[in-house]
Amino acid sequence: MSRVAALLVTATLLAPSLALAAEPSSADKETARNLMKEGDAKFASKDYAGALKAYQAAHAIMQVPSTGLPLARAQIERGLLVEARDTLLQVSRHPKDANEPAAFVKAREEAADLAQKLATRIPSLVIVVEGVSSDVAAVAVDGASIPSAALSAPRKVNPGSHTVTASASGFHAASATVNVKEGANEKVTLKLVPADGSKPPPAPSSPAQAIQGGGKLRIESSAHEGNVFIDGKAVGATPLEVPVTAGVHEVEIQYPGGTNEKKQATVDAGKTERVEFRPSPMDEVARYRKGLHFGGSFSPAMAVYTEGGAIMFGAAAGFVMNIGITPMFDFRTGGTLTVVHRFNENPEYQATQVSVVVPAMLRVNWSPWFSSAAGLSAGFVADLQTDPVLYGASVGPEWSLLSMCAGDRRQYEISFSQGLRFGQARRDFHQLVTFTYLSL
């Protein structure tokens with residue numbers, strides 16, 4: 001039985017009360033199990049169309065997180081990014097229950113994380129209708145009608161080819177086909193011409209002139225899409241034009257990495273005021289580092305006992321768990337194994353120390369490329385070449401004086417760190433040059 005199918009079996013047996021629809025019968029559950037097995041097999045063989053069909057049928061029966069998550073993954077492979085994100089959001093918002101199985105909890109967490117990452121991959125269309133007021137034009141994308149009130153905001157679509165049409169009473173219909181790539185923002189302009197051949201009356205390019213004595217705010221962000229707030233009210237994602245009253249307005253943009261920026265704009269009656277934003281270099285990096293990520297580290301190490309003695313040399317290795325909180329702050333923990341040895345021809349003066357610690361550090365990112373950190377570590381330590389061998393707990397401060405980072409979706413770091421360890425074994429002062437890899 002595959003892992004996904006096994007999760008479904010566990011979920012359906014342990015928490016039947018969590019189903020959103022009516023309780024499936026035993027026959028329904030068995031059908032869903034078989035459909036999940038079929039979907040897993042087809043997904044593994046890259047028959048994503050077949051997997052999507054099987055997962056859709058299973059999820060229609062069960063409506064639980066452990067069927068919704070694989071359905072969303074199949075939708076992503078089929079290029080149905082809009083539908084996949086909607087499925088993921090439904091999974092992440094599935095009602096929680098104190099007795100729900102771990103499969104539900106894990107699927108809900110994975111869905112929330114995947115939905116956040118998927119948001120930046122979904123392209124959008126900005127549709128402009130010329131020749132008539134957009135509030136009287138009938139606009140459709142691939143045959144699906146778009147409310148006139150929604151034309152001022154980018155229309156989220158799946159990557160690929162899309163046909164946009166516009167029509168109005170007394171005008172020839174207009175259409176255009178556009179190919180949209182992942183993460184792109186495309187603009188489509190449709191011009192409606194009167195059916196009687198007369199010159200079309202002047203028409204606003206957006207509903208802005210509907211505000212008596214007002215104007216428009218055109219908000220753009222060339223590098224990355226951001227969520228826009230005007231006078232504290234959410235109005236959509238860039239690029240967009242918004243009708244406003246004449247006067248001074250506060251425009252704020254929030255980027256996926258967590259940074260935000262505010263500007264004041266003065267709008268004259270009948271005019272369009274353009275406001276342009278650009279995400280900071282910190283946000284460019286933080287948008288990938290945000291959330292939970294794992295990696296590994298390796299360090300040449302040196303240490304000296306605080307009561308004196310020659311320097312010991314060795315190495316350290318460990319795993320890293322990094323939590324991106326804001327563009328400036330990260331929390332990092334994990335586990336580190338360090339082995340250092342004092343080399344001397346006289347065995348009496350040799351020493352070997354082994355320690356396993358769990359550090360907990362707050363990292364401060366001063367720029368996209370440099371950071372430092374401070375915190376505590378705790379674990380155990382052993383001095384092996386003593387008689388008797390000294391074992392004890394290890395606890396003490398740890399700090400990283402400088403980390404140099406490179407990469408965005410894959411982050412590489414070289415850091416110089418120091419620390420003091422106190423415990424029941426002999427105390428030491430250590431220094432490491434650490435190479436760290438994070439998969440973002």
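Start by selecting Gly 215 and Val 244: Val 244, in β13, is the bridge partner of Gly 215. You're looking at a predicted model, where local features need pLDDT of at least 70 and side-chain atom pairs count only at pLDDT 80 or more, while totals for chains, interfaces and linings use all residues. Numbering runs from 1 along each chain as its sequence is written, and side-chain values use heavy atoms, with hydrogens and water left out.

Now widen the selection to strand β10 (residues 215–221) and β13, which pair in the antiparallel sense over five bridges. (Strands are DSSP runs of E, at least two residues, and helices are runs of H or I, at least four, numbered from the N terminus; two strands pair if DSSP finds at least two bridges between them.)

Add β16 and you have an open sheet of three strands, ordered β13-β10-β16, with mixed pairing. β13 (240–244) and β16 (272–277) stand at the edges with a single partner strand each, so one side of each has no neighbour in the sheet. On average, neighbouring strands here are turned by 25° against each other, direction ignored, going by axes fitted as lines to C-alpha atoms.

Next, pick helix α6, residues 102–119. Its 18 residues reach 26 Å from first C-alpha to last, close to the 26 Å expected at 1.5 Å a residue; the expected span is 1.5 Å times one less than the number of residues. Colour the buried residues of α6, among them Phe 104, Arg 108 and Leu 114. The buried set covers an arc of only 140° around the axis, which puts these residues on the same side of α6; the arc is taken from the directions from the helix axis to the C-beta atoms. Flip to the other side for Ala 102 and Glu 109, both exposed. (Buried is under 20% relative accessible area, exposed over 50%, partly exposed in between, with a 1.4 Å probe and protein chains only.)

On to the rings. Phe 43 and Tyr 48 make an edge-to-face aromatic pair, 5.1 Å centre to centre with 70° between the planes. (Rings of Phe, Tyr and Trp, the last by its six-membered ring, pair if their centres lie within 6.5 Å; planes under 30 degrees apart are stacked, over 60 edge-to-face, the rest tilted.) Tyr 48 counts as buried at 19%, whereas Phe 43 is partly exposed at 25%.

Last stop: Arg 426, which lies over the face of Tyr 305 at 3.9 Å from the ring centre. (That takes NZ of Lys or CZ of Arg within 6 Å of the ring centre and within 35 degrees of the ring normal.)

Notes. Axes are lines fitted to C-alpha atoms, for helices over the stretch in contact, and angles run from 0 to 180 degrees between N-to-C directions.
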